[in-house]
Structure formats: structure tokens, C-alpha cells
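Visitor: Could you take me through the aromatic rings of this protein, up close? I would like to know which rings pair up and where charges sit over them.

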Amino acid sequence: MLEDRTERGIYIVGHGIKGVSHLTLETNKLLLQMDFVFYMDAGTELGEYLSVIDLPSMNLIDWYAENRDREEIYGKIAAAVVAKAEKADRVAYLAPGNPFFLNSICELLFLSAAGKGIAVQLLSGVSSIDTLISDLQISVGEFGLQCYDATSFGLLRPKVDIFVPLMLFDPGVFYDPTVRFRSNPDSLRVAHLRDCLLEYYPGDEMWILVHSPMTRDEKLGYCVGTLAELHRYAEVIGRGTLFLPGRWRFTPRFKALTDALRGGSEAR
Ligand SMILES: C[S@@+](CC[C@H](N)C(=O)[O-])C[C@H]1O[C@@H](n2cnc3c(N)ncnc32)[C@H](O)[C@@H]1O
């Protein structure tokens, strides 16, 4: 457990996927000891929670402007957090999911704070990888799991076992350095992702695009298709994680998900 009074420095803490309901007790306790909190939220829930616990905070969502260069924004955010930590005692950066899972800002914070002699500590959070495993009910022990950031996958061209489930994160910004928060992915880049995957998989391989609920009222969103047709789904590819099920597609859960789509609309 954390000490009641924390040391000065930067605290990178994960707030999970589903609004404030994924905040851990450990994170909540730490936040209560902060002098300032930076966060990024397109909704209002995090801001409301921070004002209820009476914490000075700043929502950085407006910095994440559509079509701007993401690395530039990440650098600006890391610089702002470090600058604040040079003045305030304890500064938190509240990041979505697990902050050390595919989050360049957190990696930058470690680098730039070290250069200034500022201590950085990290607290885990519920990641989309956790919610996806449970939403899909993947028995990782039985099937295994391969995970990549989509663009890193394209760059690394790793060895892939096509029978083992594969998760590709950030599929909507494949080789795209710009912010695509509200707009659809560029369809040419989705076609490029399709071609990259076709180097490994046959064209009739099934994929699922999965979106875990991010509020109490949201339901699991998903869409299924074949790889050869991935480019036709540019409007949904940016809304979640692309999952190639491998042998998991022979499970009753996969059948139930695809049957539910046949019985209703194409995307849920
Ligand atoms: C930059 S990564 C950050 C991941 C985050 N640190 C985490 O632990 O989940 C963003 C990607 O995570 C995945 N992701 C985030 N929220 C999700 C959700 N609600 N459902 C499915 N995938 C999600 C998507 O692939 C998205 O493009």
C-alpha cells in the first residue's frame, strides 16, 4: 500500500477503460495526495470526479486536435507535466487504460523527467487488453495471444502464428502520424493494413473489430468481416481493436457473436 504522504515527483496513473468506475482504490488514494492532475477526457466524468475530490486539474483534450501530428502533441503534453512538476510538489498524469501499454506520453515522461532529476512513479490501470480478453472470453492459457500496435506490426513484420489469436491496437492510424480522434481512418491506409495482413493470412480469414464499453450504459460493440474486404470497413476500424481470432474462431463464443450479428444489424 502507498504511504499516506507521497514523495514529490510525477505519478503516472492509469484510469482504466470504463470511466471512473475502473479507477482502482490504490489510484484513488494516490490522487487524493496530489497537488495537480493532468488528464485527457472527451467526456465529463473524470473532470467531475476530480472536482468532487477537490483536486486542481487540467483536461488536455483540446490539445489533441484533429489532423495534428501526434508525436508533437505528446511532446507538448510531456513538457507541460514536467514543467508543472518542477513547480508543484506532486503531479499526476492520469492516462487511459494501463499507462505503460502503448502510451508514448508516459514513455516521454520517464525520459524527460530523468533529465531534470524528477522522480517518476507508475501505477497500473485496467487496460483495453484486459477488457478485450474478458469481453471476448478468450482463454489465453488455451489459445495463446499475440499483441501489437498496428503500425509497429507493419514496421516489424514479426513472425506470426496464424492459429494463435492476434490483437492489433490503433488499427485506425496505421502508418498515420496524425490525430484521428473524431474522423474516420484514411481508407488507403486501411487498404495498406489489409495488404500487410494478407501477407500472413488468406483473404477469407475472419476478423472482429471490438470496442469494449467505456461507460456503464454502453454495450460491447463489434463488427465482423473477412480480410479481403477490410478496406470496406474504414468507418469502424478506428473505433476499437482489430482481432484476428486464429483457432479461437471455432469456439461457441465466436459463433454466438457472429450469429448475433446475423440476427441483427452488421455492427453493434
Ligand atoms: C494508444 S492505445 C492505448 C491503450 C491503453 N493504454 C490501454 O491500456 O488500453 C489506444 C488503443 O487501445 C485500444 N482501445 C482503447 N480503448 C478501447 C476500447 N474501449 N475497446 C477496444 N479497444 C480499445 C484501441 O486499439 C485503441 O486504438
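Guide: Happy to. A charge counts as sitting over a ring if NZ of Lys or CZ of Arg is within 6 Å of the ring centre and within 35 degrees of the ring normal. K76 lies over the face of W63 in this way, at 4.4 Å from the ring centre. Another such case is K84, whose charged end is 4.2 Å from the centre of the F36 ring and sits over that ring. Please keep in mind that the model is predicted.

Now for rings that meet other rings. Searching the whole structure turns up eleven aromatic pairs. One pair is F101 and F169: the ring centres are 5.0 Å apart and the planes stand at 90 degrees, so the contact is edge-to-face. This pair links distant parts of the chain, 68 residues apart. F101 belongs to the loop between β4 (90-95) and α4 (104-115), while F169 is in strand β7 (residues 166-169). F101 has 26% relative accessibility, so this residue counts as partly exposed. F169, at 5%, counts as buried, because buried means under 20%.

F174 and Y175 make another pair, with ring centres 4.7 Å apart and planes at 90 degrees, which means that this one is edge-to-face too. Here F174 is buried, at 1% relative accessibility, whereas Y175 is partly exposed, with a relative accessible area of 28%.

Finally, look for a group of rings: Y64, Y74 and F181 form one aromatic cluster.

Conventions
Residues are numbered from 1 along each chain as its sequence is written. This is a predicted model: local features need pLDDT of at least 70, side-chain atom pairs count only at pLDDT 80 or more; totals for chains, interfaces and linings use all residues. Side-chain values use heavy atoms; hydrogens and water are left out. Rings of Phe, Tyr and Trp (its six-membered ring) pair if their centres lie within 6.5 Å; planes under 30 degrees apart count as stacked, over 60 as edge-to-face and the rest as tilted. Helices (H or I, at least four residues) and strands (E, at least two) are DSSP runs, numbered from the N terminus. Buried means under 20% relative accessible area, exposed over 50%, partly exposed in between (1.4 Å probe, protein chains only).
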